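Q: The entry below comes with a set of computed labels. Please go through them and set each one against its criterion.

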Amino acid sequence: MDMEIESCEPIDMEESTPNPAHREPPSIRRLDEAVVNRIAAGEVIQRPVSAVKELIENSIDAGSTSISVLVKDGGLKLIQVSDDGHGIRYEDLPILCERHTTSKLSKFEDLLSIKSMGFRGEALASMTYVGHVTVTTITKGQLHGYRATYKDGVMENEPKACAAVKGTQIMIENLFYNMAARRKSLQNSADDYPKIVDLICRFAIHHTNVNFSCRKHGAARADVNSVATSSRLDAIRSVYGVSVAQNLLSIEASDDDPSNSVFEMDGFISNSNYAAKKITMVLFINDRLVECGALKRAIEIIYAATLPKASKPFIYMSIKLPPEHIDVNVHPTKREVSLLNQEVIIEKIQSVLESKLRNSNESRTFQEQRVDSSSVSISMSKDSQNHRSSSGLKSQKVPVRKMVRTDSQDPAGRLHAYLQVKPSSQLQGTSSLASVRSSIRQRRNPRETADLTSIQELTREIDSSCHSELLDIVGNCSYIGMADDVFALLQHNTHLYLANVVNLSKELMYQQVLRRFAHFSAIQLSDPAPLPDLIMLALKEQDLDSEGNENDDLKEKIAEMNTELIKQRAEMLEEYFGIYVDQNGNLSRLPIVLDQYTPDMDRVPELILCLGNDVNWDDEKICFQTIAAAIGNFYAFNPPLLPNPSGDGLQFYKKVPSTTSEDGNASGSADDSKEEEIEQELLSEAESAWSQREWSIQHVLFPSMRLFLKPPTSMATNGTFVKVASLEKLYKIFERC
Ligand code: ADP
Ligand code: MG
């Protein structure tokens, strides 16, 4: 970022002459070649860190396995890069620092890739225009090396024979000595040393076969000291630390369809446990360290949408592309690139990341438990080396400490693993990128909406009635599975709880409605639904439930009145709650209260009836409260209307068709096979509704509650939470047996 500021600096100012508009036009002169070169050089070498980058790249190109960097005064006094590469031939030394001299272009085909990186053969030359350059080098089989100094592209004296160890050492002293303004502005700004360290860390995790070190002049210890290793993860661990390395997931993506995109990508991305103040994105394209703003933003979006708590990720990514597909379009030192088919590539990478992040937590516990379902799970990094050996806990005695599901951030459903393995991929696949993007927009909504005092009061009430112990349980529990249609089994420390999912979700949704007040995204109904029809449906449903039997005329009257009432309030409902009813009384839009979750549309009639019947429209605060509660009820994770087919509910689907036929139609027996089929359809509809719900409870509801729910005090006593067991006690009992 500093580089951007730097590039705006009028670097040729120190050479320019004043040009007052009112005098005669000044004569145009040809600039001194040295001045021209210096200006050009200042573009290539913008600041000390850009010189270090060029030098390291040269050392890597020379096949080095060890590169050490020494820096004095942020690089302004001294930058010295020593390597053990192939060295520079004696005959080449005279032209080494001339512009456009390079050893890296040998055949015509190379031109493409050379072109793609741009500015070949300019780095060393540039350094000689803005600093004092000394090169010491020795090639294989020589008894001694040579040293030469350079100024303005020219070798200043015959190379001197000198003692040397394998490779090349390039030293730049007094960088920008002849660019007063540049030097001054660099001296005033923060020292480049941290940038240099950061740069070397990046190189070190990509070029894992090279030892890197970086030291400040006069310091006893190096600030980076990476040791060549065969494992990228080890390299990351040694450079960025264990806390980063243990929270990484490996990623891969590729495409080989010339009409679409051609690329290979692999890397590591941080998981939900990784927390940092800012994003670290280390990107290599064709082994060159580059930046790609579009890709970076795309990744940030995925994180903010899927792991809002860990939305400043660590990313290491290496992308390989046909060289002609890269366009270095900004600046040689900044290396901001754009790619051919960038959109396609980015979308592909986004979707790989998204599914990786979504699946990561679940898959790692899932795997472990499948190995041995009778053991107690201990969460651990999927990438951890000792993964396999540690999961065989079967016959071991498990200390209570380990009975705690250590990873509370992990929303995985362990009960699934004990019961059956359901492919959940179709379900997970349903969240498209579009929805991810919209959800990020949602999250970024400022909370200025709450400027209505009534809404402020309601949210304050939520805060003040929040029960701290329950908050801790909700925030740090592990979801184990559904115990029945309504209660989920949770573990918090060594305690097991049953938690009423319907109550919890109702409250969560209520709170969310207030938080999103006036800032809802919309669910568009494919066909607008007439309010009177919806209300009639709801009233009939109520009849079935309560065995009441009001006559249809009365119902129609109620429907008509409620429709009118809602139509009158349509504007407010739309603006504040995202419920859109058109002038003809058709409902066409509903609010999105929780991202990645579509409520049960069978309950829309009930919602509309509630809006008509249960809302107090007279008092602003109570009005908002009751509307929020109605939407909350609608959004709650109620059991689907069809009975659960996996328990006793299966009976429902086995019923003999003729006896269930409500309207007494005698067509049943005439077409048995068809009736059978309908039952099957109903059954599979029910199965999918129930498994969808269970999936959402685990992957949407619990993670969202962890983030957003403030459980009210009433939940501690109204049966929403029930403590069922203490694992310590259970364990003692087992031990005695
Ligand atoms: P480029 O890297 O684009 O070729 P440079 O100006 O950076 O241009 O370097 C010019 C040439 O100097 C390189 O092509 C290479 O042959 C040689 N060179 C520079 N640094 C080293 C080094 N550390 N070891 C060996 N050769 C080097
Ligand atoms: Mg170079």
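A: Accessible areas here come from the Shrake-Rupley method with a 1.4 Å probe. On that basis the chain has an accessible surface of about 36,900 Å², and 50% of this belongs to carbon and sulfur atoms. The model is a predicted one.

Q: What makes a residue of the chain count as buried, and what share of the 737 residues does so?
A: Buried means under 20% relative accessible area. Of the 737 residues, 48% count as buried.

Q: Why is Phe-176 called buried or exposed?
A: The relative accessibility of Phe-176 is 0%, and the limit for buried is under 20%, so Phe-176 counts as buried. Phe-176 sits in the loop between E7 and helix H6 (180-188). Its phi is positive, about 65°, although Phe-176 is not a glycine.

Q: Why does Ala-518 get the label it has at 30% relative accessibility?
A: Buried requires under 20% and exposed requires over 50%; 30% falls in between, so Ala-518 counts as partly exposed. Ala-518 belongs to the loop between helix H19 (501-516) and strand E20 (521-530). Ala-518 is not a glycine, yet has a positive phi of about 65°.

Q: How do you know which residues surround ligand 1?
A: The criterion is a heavy atom within 4 Å of the ligand. For ligand 1 this gives 19 residues, and the closest are Asn-58, Thr-102, Ser-103, Lys-104 and Gly-121. By residue class, the shell divides into six nonpolar, nine polar and four charged.

Q: What makes the pair between Asn-58 and ligand 1 a polar contact?
A: The cut-off for a pair of N or O atoms is 3.5 Å. An N or O atom in the side chain of Asn-58 is 2.8 Å from an oxygen atom of ligand 1, so the pair qualifies. The side chain of Asp-83 has an N or O atom 2.8 Å from a nitrogen atom of ligand 1, so this pair qualifies too. Gly-121 contributes a backbone N or O atom, 2.6 Å from an oxygen atom of ligand 1.

Q: How much of the surface of ligand 1 does the protein bury?
A: Ligand 1 taken alone exposes 530 Å², and the protein buries 94% of that. Helix H3 (48-61), helix H5 (123-130) and strand E7 (167-173) are the elements that give two or more residues to the shell.

Q: What share of the contacts between residues at least 6 apart in sequence joins residues at least 24 apart?
A: The share is 72%. A contact here means heavy atoms within 4.5 Å. The chain has 28 helices and 23 strands.

Terms used: Residues numbered from 1 in each chain as written. Chains lettered and ligands numbered in written order. Predicted model: local features only at pLDDT ≥ 70, side-chain atom pairs only at ≥ 80, totals over all residues. Heavy atoms only, no water. Polar contact = N/O pair within 3.5 Å; in protein donor to acceptor, adjacent residues only side chain to side chain. Helix = DSSP H or I, 4+ residues; strand = E, 2+ residues; numbered from the N terminus. Nonpolar A, V, L, I, M, F, W, Y, C, P; charged D, E, K, R; others polar. Buried < 20%, exposed > 50% of the residue type's maximum accessible area, 1.4 Å probe, protein only.
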